[in-house]
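Grab a coffee and work through a few exercises on the structure below. Try each task by yourself before you read its solution.

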Amino acid sequence: MNLALREAQKAATAGEVPAGCIIVNTADDRELPVGAVIGRAHNQTELLRDPTAHAEMIAITQAASAIGDWRLTGTALYVTKEPCPMCAGGIILARIPTVVYGVPDPKRGGALSVFNILDHPNLNHRCEVVTGVMETECRDILQSFFRARRG
């Protein structure tokens, strides 16, 4: 989560909502070592003028490229805030088995808070979800950003 927080700080510095994400390899049957970071990103919606340029979506694209497959089985995604519905959908489509996030998003959360996309019984894939990892640090960077933005 420390690496995801570093990505979130990059986003904040660039004037983006400070969300950061990393994806690590957890499979021992790849050429990549277990624990290798295969995707790393922060929000870039303002920079790219793209509403889909969330940290998770960019990291998923990088990870798929790194392993040469769109199926990201044998990975874990770490993100500083709860994925939105779009990102949760991308996580499901990529077949990521484990999602770890820091702070919930009670207004737009797609994992547990508002929508339960990552464990929805009608979908063909479900994720193990771990919440509250470094929650204080993840909350602090978001609150600082929005406090400064509101002036």
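What follows is a set of worked exercises on a predicted model.

**Exercise 1. Find the salt-bridge partner of Lys 10 and say how the pair sits in the helix.**

Step 1: Look for a carboxyl oxygen within 4 Å of the side-chain nitrogen. Glu 7 fits the bill, with the closest N and O atoms 3.0 Å apart.

Step 2: Place the two residues. Lys 10 and Glu 7 both belong to helix H1 (residues 2-13), and because they are 3 residues apart there, about one helical turn separates them.

Step 3: Check the surroundings. Lys 10 is partly exposed at 43% relative accessible area, while Glu 7 comes out as buried at 3%.

This pair is one of the 5 salt bridges counted in the model.

**Exercise 2. Work out which residues are linked with Asp 105 in a network of salt bridges.**

Step 1: Start with Lys 81. Its salt bridge with Asp 105 has a closest N to O distance of 3.2 Å.

Step 2: Ask what this pair connects. Lys 81 is in strand S3 (residues 75-81) and Asp 105 is in the loop between strand S4 (98-103) and strand S5 (128-131), so the bridge ties together parts 24 residues apart in sequence.

Step 3: Add Arg 108. This residue also bridges to Asp 105, with the closest N and O atoms 3.9 Å apart, which makes the cut-off of 4 Å.

Step 4: Put the pieces together. Lys 81, Asp 105 and Arg 108 form a linked network. As for burial, Lys 81 and Asp 105 are both buried, with Asp 105 at 8% relative accessible area.

**Exercise 3. Decide how many disulfides the structure has, then look at Cys 87 and Cys 138.**

Step 1: Search the whole structure for sulfur pairs. The tally is 0 disulfides.

Step 2: Take Cys 87. The nearest cysteine sulfur belongs to Cys 84 and is 3.7 Å away, and Cys 87 is in no disulfide. The cut-off to hold this against is 2.5 Å.

Step 3: Take Cys 138. Its closest cysteine sulfur is in Cys 21, and at 12 Å that is too far for a bond.

Step 4: Compare accessibility. Cys 87 is buried at 0% relative accessible area, and Cys 138 is likewise buried at 0%.

**Exercise 4. Describe how H1 packs against helix H5 (residues 135-150).**

Step 1: Get the geometry. The angle is about 0° and the axes lie 11 Å apart.

Step 2: Name the arrangement. Angles under 35 degrees count as roughly parallel, and therefore H1 and H5 are roughly parallel to each other.

Step 3: List who meets whom. H1 brings Leu 5, Ala 8, Gln 9 and Ala 12, and H5 brings Glu 137, Cys 138, Ile 141 and Phe 145.

Step 4: Sort that contact by class. You get 6 nonpolar residues, 1 polar and 1 charged.

**Exercise 5. Locate Arg 49 and Met 134, and look up phi for each.**

Step 1: Begin with Arg 49. Its phi is near 55°, a positive value in a residue other than glycine. Arg 49 sits in the loop between helix H2 (45-48) and helix H3 (55-67), and is exposed at 76% relative accessibility.

Step 2: Move on to Met 134. Phi is near 55° here, again positive in a non-glycine residue. Met 134 lies in the loop between S5 and H5, and is partly exposed, with a relative accessible area of 25%.

Notes
Residues are numbered from 1 along each chain as its sequence is written. This is a predicted model: local features need pLDDT of at least 70, side-chain atom pairs count only at pLDDT 80 or more; totals for chains, interfaces and linings use all residues. Side-chain values use heavy atoms; hydrogens and water are left out. Helices (H or I, at least four residues) and strands (E, at least two) are DSSP runs, numbered from the N terminus. Buried means under 20% relative accessible area, exposed over 50%, partly exposed in between (1.4 Å probe, protein chains only). Axes are lines fitted to C-alpha atoms, for helices over the stretch in contact, and angles run from 0 to 180 degrees between N-to-C directions. Angles under 35 degrees count as roughly parallel, over 145 as roughly antiparallel, 65 to 115 as roughly perpendicular and the rest as oblique. Contact means heavy atoms within 4.5 Å. Ala, Val, Leu, Ile, Met, Phe, Trp, Tyr, Cys and Pro count as nonpolar, Asp, Glu, Lys and Arg as charged, and the others, Gly among them, as polar.
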